[in-house]
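This briefing goes through one structure by topic, beginning with aromatic side chains and moving on to a lysine and a sheet. Please keep the sequence and the coordinates at hand while reading.

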Amino acid sequence: MNLFKRNKKDENTDEFHKEYGVISNCRYILGKFVKYRKSLILFIITGSIAAASMTYLWSFIGKLVIDMIEQQASSPDKDIKPLLYLTLITSAAELLFMWLNTVSSMKMSVGFTYVRLMIIKERIAKTLGMEYEALETPEMLDRLQKAKRATAGDWQGVQGMMTYMQVMGVQIISVTIAVAIMTTFNPWIILIIVVLSFAQFLFFDYIRKKDKKEMWDAMMPHWRKLEYMENVTTDFSYAKDIRLFGMQKYLAKKQIDVYDEELRHWIKSRQYWVYNTIFAHGISLLRQLIIIGWLVYSVVFNGLSIGNFTLYTASAAAFSNAINEILQALSALRERSAHTDDYRSFMDIPSADDKAQTIPIPPADKYTFEFKNVSFKYRGQEKYALKNVNLTLHAGEKLAVVGLNGAGKSTFIKLLLRLYDVTEGCILMNGTDIRKFDRKEYYELFAPAFQDVMVFAFPVAENVSMKEPFNTDKAEAEKMLRLAGLGDKLDKLEKGVDTELLKVLYDDGVDLSGGEKQKLALARALYKKSKIIVLDEPTAALDALAEFRLYQSFNELVGDRTAVYISHRLSSTRFCDRVAMFKDGEMVEIGTHDSLMEADGAYADMFRVQAQYYVEDKDIFDVPCQEVTSNG
Ligand SMILES: Nc1ncnc2c1ncn2[C@@H]1O[C@H](COP(=O)(O)OP(=O)(O)O)[C@@H](O)[C@H]1O
Ligand SMILES: [Mg+2]
C-alpha cells in the first residue's frame, strides 16, 4: 500500500467514492464545530472581524489625521485636542483588535486540532466497527488509507479546510469593507483591481499545477523508493542480513542516489516559483501605477482631498491583497475538499450490519451449531476453500478438527465465528441463521485462540483480559496465565502481570517467545468466560508431544463447555468426543477416533503416519507398535 499514489482510475470506479463539493464539506466541518466545540464559531467570527478591521484601521486613521491637519492648517485657532482624542481612540481600538485577534487565533489553532482529533476518533471507531471480512480487501485498505491521509495534518485534509475557511472569513469581511470604501471613489477601480488580481492568480495557479505535475507527481516513485529505503534501514527484521552481508555502504549509496534526485527536482521547482514572483511583482507594479496615477489625477484635477487619497491608496492595496488571498484560499479549499471527500466517503460506507435488522442472542444454557451445506470462497478466489460442509456441533461437545495445512480448518472456524459469512448454505445456532444475530453479541459467545497470536503493547494483565485496566481482574488474569503454563515466566517478571509487553511504548517492555505468546492466547481464551472455546492451532510452536499435553490439560480446564480443537496433528483427537477430518476444503470423515480407525480411511492413514511422534509416550495412543509406520 502506498501513501502517495492517488490512482485516478480507482477513484472513478470506486462505488463508495462520493464527491460532496466544497459547500457541502464546509457545512460538514461547521457541523463538527457545533458538535465538538461550539465556541469555535464565535472565535472564527470575532477573529475574522478583528483581523479584517486591523487592516483598514490605519488607512482610516491616516485619512482622518490628514483631514484634521489640513483643517487646522487653514483655521486661525489651533486646537490639537481632537487629534489627541483620535490617537487615543485609535490606539485603544488597535489594542482591542489585537487582543481579539490573538485570543481567537490561539483558540482556533487549539480548537481546530481538537476537532481534527475528534474526527480521527470517529474514523478509528468506524474502522474498528467494520466487519473483519470487509477490511481484508485491498480496495477497503485503500479507502482507509485515504481517509487517514485526510485527517493527517494541520494544513491538509479536514483541518486544512478549517484553516482556509477561516482565512476566507477574514478576507470576505476585508473585501466587503474595501468595496464599501472604494465605491465612494469610483466603482470601476474595483473592476480593474479584480481583473489584475485574477491575472496574477491565474499565473500562480498555472505555476502551481505545473510544479505539482512535473515536479511533485514525477517525484512519487522516488518518494516511494525513499520510504522503502527508510524502512529497510530501520526495520529490525532486515538488520541481520544487512550486517552479515555487509550491505551498509551499498544501501547508503542507493539512498544518496534518491536524495540527489530529490535535490534536482527541488532546484527546478524553485525556478518555477521565481517566475511566479517576477510575474506577481510585475502585475503589482502595474496595479500601483494605474491606481496611484488615477488618484493623483483626481487630486490635481478633481479636488480629491489628500486624506481621501491616502485612504483609497491603502484600501486599494488591501483590497487587491484580499482578492488574491480569496482566490488562493479557494483553490486550497478545493484541494482540501477533495481529501475531505475521501474521508466522508469512507465514513459513509454502509456497514453490512446496518442493513439487516439484527436480533439479540436468545439467552440459553446450551448452544448448538449446525452447518448446512456450507460452502465458502474467499473474495476474488476461484477455488472453494470449503465445499458443502454438513456438521452439527453439539452443546458441551469436544470436537477435534484435523487435516493437512490448507485443508480448510481455519476457514471452518472463521465461518463459525462469523468473521466471514458463508457463500452458500447456512450456519444455524439453535435453529436460527447466525447472520440474523447482532454481531457483537455473537462474538461474546466465543473464546478463541488463534495461531497468529497478537500481543498488544499493554501490560500482561490487560493482554489477558483484553479490557481496560478498571475492567481487568488481575488476580484472575494471573491465575489463567499460570493455568496456561506461564507461571515460571511470571515468577521471573519483577512487575508480574503489570509488566508491559513489547518495547514499542516502554523501554523496559518484555518480548515473549513464540511458545509463550501461544500460552498467553490460551490464558485469554480461559479468562473470557465464554460458552464456546475455539483453539485454532495456538500450539504450533510446540512439538507434537508438548501440544498433546497442553491440549489435554487445557481440556480439563474447559470443563463442560463446548470446545473445538484444531490441529494439523492428531494431538487432540484422543480426548475429543468426535473428530472431523478435512481434506481439500471438504469434511471427508467425522466420528469418534475408534470409529474412524475402524473405517480405515483418510484419518486412519494420517494417524498411522503420525503416531510415531507420540511413540515416546506410548500411553497416549494405545496403539500396538507394529501399526506404527515410519515413512512419515
Ligand atoms: N484470507 C484468505 N484469502 C484467500 N484464500 C485464503 C485465505 N485464507 C485461506 N485461504 C485459502 O483457503 C484454503 C484453506 O485455508 P485454511 O482454512 O487456512 O486451511 P487450514 O487452516 O486447514 O490450514 C487454502 O487453500 C488457503 O490458501
Ligand atoms: Mg489454519
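One aromatic cluster is formed by Y132, F376, Y378 and Y420. The model is a predicted one, and its count of aromatic pairs comes to 24. The points below take up one of these pairs, two charges placed over rings, the surroundings of K126, and an open sheet of six strands with two helices lying across parts of it.

**Aromatic rings**

- F201 and F204 form an aromatic pair classed as tilted, with 6.0 Å from centre to centre and 40° between the planes.
- The two residues belong to helix α8, which spans residues 187-234, and because F201 and F204 are three residues apart there, about one helical turn separates them.
- Both members of this pair, F201 and F204, are buried.

**Charges over rings**

- R344 lies over the face of Y20, at a distance of 4.0 Å from the ring centre.
- For K387, the charged end sits over the ring of Y384, and the distance to the centre of that ring is 4.1 Å.

**The surroundings of K126**

- K126 is part of helix α4, which covers residues 81-129, and its relative accessible area of 16% falls under the 20% limit, so K126 is counted as buried.
- Leaving aside residues up to four places away in sequence, K126 touches F346, M347 and I349.
- Although K126 and F346 are 220 residues apart along the chain, their C-alpha atoms are separated by 8.7 Å.
- A polar atom of the K126 side chain lies 3.4 Å from the backbone oxygen of M347.

**The six-stranded sheet**

- The sheet is open, its six strands follow the order β6-β7-β8-β3-β9-β10, and the pairing is mixed.
- At the edges stand β6 (446-449) and β10 (586-591), each of which has a single partner strand, so that one side of each is left without a neighbour in the sheet.
- On average, and with direction ignored, neighbouring strands of this sheet are turned by 15° against each other.
- Strands β7 (residues 532-536) and β8 (residues 562-567) run parallel and are joined by five bridges, and I533 stands opposite A563 in β8.

**Helices across the sheet**

- Helix α18, made up of residues 514-527, lies across β6 and β7 and runs at about 175° to β6.
- Helix α21, made up of residues 602-610, lies across β3 (398-402), β9 (578-583) and β10, and runs at about 95° to β9.

How values were computed:
Residues numbered from 1 in each chain as written. Chains lettered and ligands numbered in written order. Predicted model: local features only at pLDDT ≥ 70, side-chain atom pairs only at ≥ 80, totals over all residues. Heavy atoms only, no water. Pairing = 2+ DSSP bridges. Helix = DSSP H or I, 4+ residues; strand = E, 2+ residues; numbered from the N terminus. Axes fitted to C-alpha atoms, helices over the stretch in contact; angles between N-to-C directions. Contact = heavy atoms within 4.5 Å. Phe/Tyr/Trp six-rings, centres within 6.5 Å; stacked < 30°, edge-to-face > 60°. Buried < 20%, exposed > 50% of the residue type's maximum accessible area, 1.4 Å probe, protein only. Lys NZ or Arg CZ within 6 Å of the ring centre and 35° of its normal. Polar contact = N/O pair within 3.5 Å; in protein donor to acceptor, adjacent residues only side chain to side chain.
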